[in-house]
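Me: Please take a close look at a single helix in the structure below. I would like to know how it is placed, what surrounds it, and how it relates to the rest of the chain.

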Amino acid sequence: MSDVDCQFDVKYKDQISCMLSPDNSNDVKNYYENLIRKRQYCGIEVKDKRFMGKGTFTTEVFGKDDLILKDRMFVASQHHFNKMDCLVCSHCFRYIGSIELQIGRKLFFDHLKSSSKTDDDENTSNVSKQSHSPKNCEITHTNSEKMKLNNDSTYQKSLEALMNGTLILPYSKKFRLPPVISCPGGCEEEHYCSEKCAINDWKIYHSLLCTGLKSTPLKKEALIKFIEHANSTNDVFILAAKVISYTILEYKKRRDNYLKNCPQKRKQKFIFPLLLEAWKPVSMAFKERWWDFVSLPDDVDKNDELSFRNELKNLANHSLNLLREAIFEEEFGQLFSLEIYGNIIGMFELNNLDLVVASPVEDYFLYIDGLNPLEKAKTEKITRPFLDALGDDYADYIHVSGSAFFPLHSCMNHSCCPNAKAFKRDQDRDGQAVILATQYIPKGAEVTISYIDESLPYKDRCLQLADYGFKCKCLRCLSEE
Ligand SMILES: [Zn+2]
Ligand SMILES: [Zn+2]
Ligand SMILES: [Zn+2]
């Protein structure tokens, strides 16, 4: 495959091969021990299974339904299409605002979408660029007046009242959410649940990727092009950009600390070992070049495999070019090489972990449904029209969906008869991954989860697991083979 040649792959060949070479088992052990300690968990350890990659093992006994681990994400992002269905903190993915704002905003966007479908498509791009705060929805509403939305102005007005807080729904106080905090860089894309999340996100990823007032017009334009391309092709590119941004910012933090302690080294321009340290979360992860391992879709002929893989490579290259236009720094040429970009994307695709957070809006309507008949009838006079407008299948849409990489969760291997599962309990209200034991697990046993629907027949399981690049050898598969 030589369609695309990336000059950075050649220029930084040695550094790249160093970044992609496997870590020694001592480093692996230390890295995960540290991570488990930081998460304040005990009872598990990550071990190298020799030629079989890493695995997670228990160091104590777990009973059925015991919590094994809550894992914080290294990077995550909400799917582009899901951003209109629910408003969550861009850092911890907790729902924010209020029940009223969540409902009003979702219905408002639905309304815009259905109106712009009937209009000629002039307004479609407006919809995708909508911001998420009630303040801005008002601005949008002013625009939308051009969009023949006036026919049902009472409905419009009630949505607006929900969003700006003048219409309070009964019992909504029982489902209080944190307030909406704006991005410190002034963009309208990201919102937070607290100053702490806003500042952390800014420091860790967002300061390089913000399209707000603090970025120059040129950078802003380039970033928007990059984001639009990712939204219309594959939003894994957004995650990859976050990883690159994280690595650059983490490197700079480590470099500043290092120079503070060794002022005599000030002249040293670039300190590669510090970049390797910043890169650790990626270097530890299982990954391959995206376009090389992705399994061939059913509708692609075997003879077209080469051109299919080339197409993916070209797509990644195009995305990377757009990202370079936006945030390239000479010092970090190796991070902007196609080889590194392909491996970062591969990390997400191979460890494909869903970001899921249950919606308080569903809880709210379930609560109303459970009221005594008299109280329920009174309450539903107000809430029913909104529930009807959301539709019977609203619960399928209003949960957070996105992709994330969880460093410890990703070390758990697959089995078709697993002893653990990822499961959100009522109290788990943010984006962290929660792993529970599904049966008694003795000390020293491997913790396994299922990457797929394990109730499927053998053949279908094999097909689905091919996407993760392996053939399952669990006891069940061996017996059904
Ligand atoms: Zn938050
Ligand atoms: Zn921002
Ligand atoms: Zn299996």
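Reply: Two residues are taken to be in contact if their C-beta atoms, placed from the backbone, lie within 7 Å. The model is predicted, and the part examined here is helix H14, residues 305–327.

H14 has 23 residues. From its first C-alpha to its last it reaches 33 Å, close to the 33 Å expected at 1.5 Å a residue. Its buried residues are Arg309, Lys313, Ala316, Ser319, Leu320, Leu322, Leu323, Ala326 and Ile327. The cover over these buried residues includes five helices: H8 (195–209), H9 (217–232), H10 (236–261), H13 (290–293) and H15 (338–351).

One of these covering helices, H10, leads to the nonpolar core. The largest such core has 109 residues, and the members that touch the most others are Val75, Val88, Phe226, Ala240 and Phe405. H10 supplies the largest share of this core, eleven residues. In general, nonpolar side chains tend to be buried together in soluble globular proteins. Beyond residues up to four places away in sequence, Ala240 touches Tyr341, Ile344 and Ile345.

Val75, also among the core members with the most contacts, belongs to strand S4 (residues 75–78), which is covered on both faces. Val75 and Ser77 are buried on one side, Ala76 and Gln78 on the other. In a regular strand the side chains alternate between the two faces of the sheet. S4 runs antiparallel to strand S8 (residues 400–405), and four bridges join them. Within this pairing, Ser77 stands opposite Ser403 of S8.

Two residues elsewhere in the chain serve as reference points for H14. Arg461 lies in helix H18, residues 458–466. It counts as buried because 23 C-beta neighbours lie inside 10 Å. Leaving aside neighbours within four places in sequence, Arg461 is in contact with Cys416, Ile452, Leu456 and Cys472. Its C-alpha is 28 Å from that of Lys313, and the two residues are 148 apart in sequence. Lys313 is itself one of the buried residues of H14.

The second reference point, Thr154, lies in helix H7, residues 153–164. Thr154 is exposed, because it has 7 other C-beta atoms within 10 Å. Between Thr154 and Ile327 there are 46 Å, C-alpha to C-alpha, and the pair is 173 residues apart along the chain. Ile327 is another buried residue of H14.

The protein around H14 has 19 helices and twelve strands. Of its 481 residues, 36% count as buried. Its C-alpha atoms fill a box of roughly 65 × 55 × 55 Å along the principal axes. The radius of gyration is 24 Å, which agrees with the value near 23 Å for a compact globule of 481 residues. Among contacts between residues at least 6 apart in sequence, 74% join residues at least 24 apart.

As for confidence, the pLDDT averages 88, and 91% of the residues score at least 70. Among the elements, strand S6 (residues 191–192) has the highest mean, 98, and helix H6 (residues 134–144) the lowest, 36. The pLDDT is below 50 over residues 120–150, a stretch with 38 contacts in the model beyond near neighbours in sequence. Where pLDDT is low, the predicted coordinates should not be read in detail.

Technical notes: Residues are numbered from 1 along each chain as its sequence is written. Chains are lettered from A and ligands numbered from 1 in the order in which they are written. This is a predicted model: local features need pLDDT of at least 70, side-chain atom pairs count only at pLDDT 80 or more; totals for chains, interfaces and linings use all residues. Helices (H or I, at least four residues) and strands (E, at least two) are DSSP runs, numbered from the N terminus. The expected span of a helix is 1.5 Å times one less than its number of residues. A residue is buried if 20 or more other C-beta atoms lie within 10 Å of its own, exposed if 12 or fewer, and partly exposed in between; C-beta atoms are placed from the backbone. A nonpolar core is a set of buried Ala, Val, Leu, Ile, Met, Phe, Trp, Tyr and Cys residues joined through C-beta atoms within 7 Å. The radius of gyration is taken over C-alpha atoms; the globule rule is 2.2 Å times the number of residues to the power 0.38. pLDDT is the predictor's confidence in each residue, from 0 to 100. Two strands pair if DSSP finds at least two bridges between them.
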